[in-house]
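I open this notebook to keep track of what I look up, entry by entry. The topics are a metal site and an aromatic pair.

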Amino acid sequence: MTLDRLIGEFDRALRAVAGVAHSGRPSPAEKIGETSLREEEKAHAAALMRVNHVGEVCAQALYQGQALTARDAGARQALEKAAREEEDHLAWSAERIRELGGRPSLLNPLWYAGAFAMGAAAGVLGDRWNLAFLAETERQVEEHLTGHLEALPQDDRRTRAVVEAMRADEARHRASALELGAAELPEPVKRAMRAASKVMTTVAYRV
Ligand SMILES: [Fe+2]
Ligand SMILES: [Fe+2]
């Protein structure tokens with residue numbers, strides 16, 4: 001690995017944790033007018049977006065850990081493309097949190113470190129398992145975003161637009177991981193991932 005690449009990855013990690021991501025694509029909320037929400041609706045939407053933002057911080061770390069260990073050039077390219085889209089998600093959700101008057105999770109460095117370790121561990125097992133872990137992550141995120149669309153205030157069209165666009169991207173990420181030859185994870189691993197994400201989402205809703 002070249003020094004340039006290492007510095008690039010480190011820079012990306014810092015930006016993910018600090019919540020200053022650059023988006024390549026404009027936010028899906030851009031052309032949608034703000035609706036007036038009650039204070040508790042705003043706080044609830046901001047907290048849900050904080051959870052999503054943590055998810056995207058973890059996605060950065062996972063993809064980074066995996067792009068570093070992926071052996072196959074095709075897999076690495078697909079991982080890098082998805083990682084750029086995850087960076088859009090990171091920027092969009094951070095922006096929406098600010099608009100709603102909330103703040104990102106204080107525990108972001110911790111979430112990042114945990115996800116990076118998991119991504120790197122999956123990477124060590126080889127591309128098939130790397131991709132399997134990714135595909136399952138994307139599937140769980142997709143489910144999770146569907147839940148948020150039900151929980152978000154109906155009138156909050158800006159937040160909903162962001163969540164819907166993210167969900168569509170995650171579905172494509174999963175499909176591309178499967179196309180690249182992802183294995184199917186054993187059930188207990190899927191359950192453990194679900195349990196870890198439950199802890200993350202519960203804590204991140206508050207902190
Ligand atoms: Fe994402
Ligand atoms: Fe994704």
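How are the donor residues of the iron ion (ligand 2) spaced in sequence? Before answering I note that the model is a predicted one. I read the spacing of these donor residues as E-x51-E-x31-E-x2-H.

Next I looked up the donor atoms themselves. The iron ion (ligand 2) has as its protein donors an OE atom of Glu86, two entries for OE of Glu138, an OE atom of Glu170 and ND1 of His173, and they lie 1.8 to 2.4 Å from the ion. I then turned to glutamate 86, which bridges the iron ion (ligand 2) and the iron ion (ligand 1), the two ions lying 3.9 Å apart.

I also checked where two of these donors sit in the chain. Glutamate 138 belongs to helix H5 (residues 127-151) and histidine 173 to helix H6 (residues 157-179), so that the pair, 35 residues apart, links distant parts of the chain. Are glutamate 138 and histidine 173 buried or exposed? I find both of them buried.

My last entry concerns aromatic rings, of which the structure holds 1 pair. The ring centres of tyrosine 112 and phenylalanine 116 are 6.3 Å apart and their planes stand at 15 degrees, and I therefore record the pair as stacked, since planes under 30 degrees apart count as such. Both residues lie in helix H4 (residues 108-124), and because they are 4 residues apart there, about one helical turn separates them. For accessibility I note that tyrosine 112, at 8% relative accessibility, counts as buried, whereas phenylalanine 116, at 29%, counts as partly exposed.

Conventions:
Residues numbered from 1 in each chain as written. Chains lettered and ligands numbered in written order. Predicted model: local features only at pLDDT ≥ 70, side-chain atom pairs only at ≥ 80, totals over all residues. Heavy atoms only, no water. Donors = N, O, S within 2.8 Å, 3.2 Å for Na, K, Ca; no water. Helix = DSSP H or I, 4+ residues; strand = E, 2+ residues; numbered from the N terminus. Buried < 20%, exposed > 50% of the residue type's maximum accessible area, 1.4 Å probe, protein only. Phe/Tyr/Trp six-rings, centres within 6.5 Å; stacked < 30°, edge-to-face > 60°.
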